[in-house]
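This report goes through a single protein chain, part by part. Please look at the sequence and the structure shown here before reading on.

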Amino acid sequence: MAQVGAARGAKERLRTINFYEIVKYKNPRVNERMKHADWNAILKSIKDVPLSKRVWEGPTKILIGEVLTVEGQHHLKLSLVRNQDAWLDVYNPEAQSIAELNLGDAGELLETSIVAFLGFGNVIGMIQGSTSAPTPNALQEWLNGLKILGPNFTVETQVMVSHEAQELVKQSTEASQIEVKMHTNRADALEKRGSKLSQIFKAVNAEYGPMTVTVILRASKARDQSEGRVAIRNEAKKLVEAAGAKEVTSAKAKLIFVDADESTRTQEVDFAKQKITAKRKIATTGEDGNPVRNASAIQAILTVAESNHDELRAIVNSK
């Protein structure tokens, strides 16, 4: 019997592509860039290992990694188990791949994200299959949980905030104002970046409960108040990455620059709009009805990466 809908042409869905950098974790407040890892070789080495060696069972989730090969390069499909009890009913540690398991409608059991590894700066592009699919944090949990880079090597992922935004903050000397909007439940993430603003959100949460709060700090323009403007500028540096990582709903700063003739000027920067992202239509089925979503997603990520090649390299200082 012919598969229903098999000949109805390719189906496409609009998906968002985001880019992240894999960095070495040093402590709760500090990450550092690392030498570019040969991800193609790393993924090749685990491509054919038993499924059990690609399944990570964490305290609250089960993550499964499958290596995809597209045009001779290796990438990753990362799946999250929706129902752990149902997974245990079908999981066979002796299996070589998920395809060997009797999942029935896999869409009911697994949520999937596609990760493409670029050839420089430990940069990845990711497409989440849905809002509940694996996130960049899930990827770092999988990498660390299975010790993909070694037993004592811990990594994190951080969003690729545009080189322009980073450079503007670096070149500024002070900031006259910062404005940040976020939910109080994300205060810990902001604190992890060393932001003193996190204490304000924690205090509001303790007093009034979880809620979305907007905080505006506006410094005096008086000459003898430079110390306050420098402090606000330092906070702005922390908000750049927080905004890109979606830890804050919005973040803006009025940066102050001193030109060569010693005149000053102010420029407002909206950090939440400064991350590199794109929306693309991803094929979910081929003309014959067979799934081609994985390859389609990888190719879409690589196409967007090529369009932003110089910018992505500039962010990670990769030549």
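## Aromatic pairs

In this predicted model, Phe-117 has a relative accessible area of 8%, which puts the residue under the 20% cut-off, so Phe-117 is buried. Trp-39 is buried too, at a relative accessible area of 3%. The structure holds two aromatic pairs. In the pair formed by Trp-39 and Phe-117, the ring centres are 5.1 Å apart and the planes stand at 35°, so the pair is tilted. Trp-39 belongs to helix α1 (residues 39-46) and Phe-117 to strand β6 (residues 110-117), so the pair ties together parts that are 78 residues apart in sequence.

The rings of Trp-87 and Tyr-91 also pair: their centres are 4.9 Å apart and their planes are at 20°, so this pair is stacked. Trp-87 and Tyr-91 are both buried.

Another ring has a charged residue over its face. Arg-313 lies over the face of Phe-120, at 4.2 Å from the ring centre.

## The chain as a whole

The chain has nine helices and 13 strands. Of its 319 residues, 46% are buried. The area that the chain exposes is about 17000 Å², and carbon and sulfur atoms supply 46% of that area.

How are the contacts spread along the sequence? Taking contacts in the chain between residues at least 6 apart in sequence, 67% join residues at least 24 apart.

## Asn-18 in strand β1

Strand β1 (residues 11-27) contains Asn-18. With 7% relative accessibility, Asn-18 counts as buried, because buried means under 20%. Leaving aside residues up to four places away in sequence, Asn-18 touches Ile-124, Gly-125, Met-126, Lys-246, Lys-275, Ile-276 and Thr-277.

## Helix α3

Which residues of helix α3 (residues 136-145) are buried? They are Pro-136, Ala-138, Leu-139, Gln-140, Trp-142 and Leu-143. After α3 comes Lys-147, which has a positive phi, near 55°.

## Asn-308 between two helices

Asn-308 sits in the loop between α8 (293-307) and α9 (309-315). The relative accessible area of Asn-308 is 24%, so the residue is partly exposed, as this value lies between the cut-offs of 20% and 50%. A polar atom of the Asn-308 side chain lies 2.9 Å from the backbone oxygen of Val-304.

Thr-277, one of the residues that Asn-18 touches, can be used as a reference point for Asn-308. From C-alpha to C-alpha, Asn-308 and Thr-277 are 9.6 Å apart in space, with their positions 31 residues apart in sequence.

## Confidence in the model

The mean pLDDT of the chain is 86, and 89% of the residues reach 70 or more. Confidence is highest in α1, at 97, and lowest in strand β13 (residues 277-285), at a mean of 72.

Two stretches have low values. Over residues 1-7 the pLDDT stays under 50, and the model has four contacts for them beyond four places in sequence. Residues 288-292 also have a pLDDT below 50, and this stretch has nine contacts in the model beyond near neighbours in sequence. Where pLDDT is low, the predicted coordinates should not be read in detail.

Conventions. Residues are numbered from 1 along each chain as its sequence is written. This is a predicted model: local features need pLDDT of at least 70, side-chain atom pairs count only at pLDDT 80 or more; totals for chains, interfaces and linings use all residues. Side-chain values use heavy atoms; hydrogens and water are left out. Rings of Phe, Tyr and Trp (its six-membered ring) pair if their centres lie within 6.5 Å; planes under 30 degrees apart count as stacked, over 60 as edge-to-face and the rest as tilted. Helices (H or I, at least four residues) and strands (E, at least two) are DSSP runs, numbered from the N terminus. Buried means under 20% relative accessible area, exposed over 50%, partly exposed in between (1.4 Å probe, protein chains only). A charge sits over a ring if NZ of Lys or CZ of Arg is within 6 Å of the ring centre and within 35 degrees of the ring normal. Contact means heavy atoms within 4.5 Å. Accessible areas come from the Shrake-Rupley method with a 1.4 Å probe; for residues, only the protein chains shown count as cover. pLDDT is the predictor's confidence in each residue, from 0 to 100. A polar contact is a pair of N or O atoms within 3.5 Å; within protein, one must be able to donate a hydrogen and the other to accept it, and residues adjacent in sequence count only if both atoms are side-chain atoms.
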